[in-house]
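Welcome, and thanks for having the viewer open. Please load the model below, switch to a cartoon view, and keep the selection box handy for the stops that follow.

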Amino acid sequence: MKLIGTSIMLPCDETWEVVEHGGIIIDSGMIKEVGDFNSLRQKYSNCDFVFYKNHVMLPAFINSHIHFEFSKNDTSFCYGDFDIWLDSVMANRGEVLKHNTQAMQQAIRTQKRSGVGSVCAISSYDLDLELLLDSKLKVIYCHEVLGAMESDFTQQALNISNRLEKTLSLKNATFTPALALHAPYSINPKIAHYVVELAMRYNLLLSTHFLESRQELEWLSENAGYFKEFYAKNFQVKDAKAHFSIDSFLDLLSDINTLFVHCLHADSNLKERLLKQGSIISCPRSNLLLQGKMGLNHIIATDGKSSNADVDILEEIRYALFVTLSQDKAQDIESLSKDLIYAITRNSAKALGLNNGSLKAGKCADIVLFKLPFSRLDNIAQSFILHAKQAARLLVNGNDVL
């Protein structure tokens, strides 16, 4: 058992609270008690303790959507619109995926330095599996499935079954297997149904990119536009038609907890439907690069370097702060800043089904500390977002990982 205290603590619980001279008792990887540091020190007098002056303590951050496998990308892909980007990915992804171990290791280090203790990793090829198993991070590992052609179903099904069987045997307190359907434009109905059946059989979380682009919206709604040419060029399918409509894709996922990523072209009624079926995750900088739209601020993630400058979660919420302010001049900065901190803590934990995301008794001891003196407390959330740069200490299940 140990006691950790800081000058300021932000528990990120149901009501925004700023605790001065706060402390946390950690026992067997869990938070046993939260309160005043001196009171806890007296109550647990035989406990090892440390107090960090001029530091702030928060729940470790959660990056709820990240592709580590594309971490080697710097200048291989083009941005400005989704079709330009996807064409460049199809042309250059092979080279980006080669010899990418060092880049993935760097991306994992970036998670830790930016205060991330939990990641939802979307993996197309499982190239990042061993690295994430060794990372000491809390990992939800989504085996991503792509497969536009139904003629390839037998091999597709065998591949995903083998991948999943391996990780189900590795499940532990910090590693949870999951599944991902890449997007409704890139999978055939047969493999999609098979993956959903697997997710239901093993009670797994499912992630999917959905309505990320106007090109996808046009394809699912009208069987027209960019993807008709995409199928002809990449799969030699003349006069291709969408495998799914918006409704048929959502009907497929109606009985499973789903993370819907991006959703930039979902109207208010559709967003309401998505939130009944699962959660909406936004990747602000990726969304801006590919569609010029940022998305919602409720749950925020970095996406991968295939569509971002880096995978630093602090940079992500800083950009979200500035862009939101530019779009809504009446926005209260402190209130917005609180929402953005919730977007990478409490809200993300709820969406992913994790027992962390806030500092309260009974939660996992996933905790991050930043050296950051505060001269006033009425603007603490905005000051944190603007000035926090690198974690001073990071714990997952009570163990140091930084």
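For this tour, a salt bridge is a side-chain nitrogen of Lys or Arg within 4 Å of a carboxyl oxygen of Asp or Glu. The structure holds 16 of them, and we will visit a few along the way. Please keep in mind that this is a predicted model.

**Stop 1: the mixed sheet**

Start with the sheet that contains strand 1. Seven strands make up this open sheet, and reading across it the order is 3-2-1-4-12-13-14, with mixed pairing. Select residues 30-36 for strand 3 and 399-400 for strand 14: these two stand at the edges, and each has a single partner strand, so one side of each lacks a neighbour in the sheet.

Now select residues 2-9 and 19-27, which are strand 1 and strand 2. The two run antiparallel and are joined by seven bridges. To see one residue pair, show Ile4 and look across to strand 2, where Ile24 is its bridge partner.

**Stop 2: from strand 3 to helix 1**

Next, show the side chains of Lys43 and Glu33, which meet in a salt bridge with an N to O distance of 2.9 Å. Lys43 belongs to helix 1 (residues 37-43) and Glu33 to strand 3, and the two are ten residues apart. Which of the words buried, partly exposed or exposed fits Lys43? Its relative accessibility is 54%, so Lys43 counts as exposed. Glu33 has a relative accessible area of 21% and is partly exposed.

**Stop 3: the parallel sheet**

Move on to the sheet that contains strand 5. This open sheet also has seven strands, in the order 5-6-7-8-9-10-11, and the pairing is parallel. Its edges are strand 5 (61-66) and strand 11 (278-281); each has a single partner strand, so one side of each is left without a neighbour in the sheet. On average, neighbouring strands here are turned by 20 degrees against each other, direction ignored.

Select residues 206-210 and 258-262 to pick out strand 9 and strand 10, which pair in the parallel sense over five bridges. Within this pair, Ser207 stands opposite Leu259 of strand 10. Then add residues 153-168: this is helix 5, which packs on the sheet and touches strand 6 (116-123), strand 7 (138-145) and strand 8 (175-181). The direction of helix 5 makes about 170 degrees with that of strand 7.

**Stop 4: helices 9 and 10**

Show Asp247 and Arg273 as sticks. They form a salt bridge whose closest N and O atoms are 2.8 Å apart. The pair ties together distant parts of the chain, with Asp247 in helix 9 (residues 246-252) and Arg273 in helix 10 (residues 268-277), 26 residues apart. Asp247 is partly exposed at 45% relative accessibility, and Arg273 is also partly exposed, at 24%.

**Stop 5: helix 11 and the loop after it**

For the next pair, select Asp310 and Arg285, a salt bridge with its closest N and O atoms 2.8 Å apart. Arg285 is in helix 11 (284-291), while Asp310 lies in the loop between helix 11 and helix 12 (313-327), 25 residues away. Is Arg285 buried or exposed? With a relative accessibility of 6%, Arg285 counts as buried, whereas Asp310 is partly exposed at 25%.

To finish, go back to Arg273 and add Asp251 to the selection: salt bridges with shared partners join Asp247, Asp251 and Arg273 into one network.

Notes:
Residues numbered from 1 in each chain as written. Predicted model: local features only at pLDDT ≥ 70, side-chain atom pairs only at ≥ 80, totals over all residues. Heavy atoms only, no water. Pairing = 2+ DSSP bridges. Helix = DSSP H or I, 4+ residues; strand = E, 2+ residues; numbered from the N terminus. Buried < 20%, exposed > 50% of the residue type's maximum accessible area, 1.4 Å probe, protein only. Axes fitted to C-alpha atoms, helices over the stretch in contact; angles between N-to-C directions. Contact = heavy atoms within 4.5 Å.
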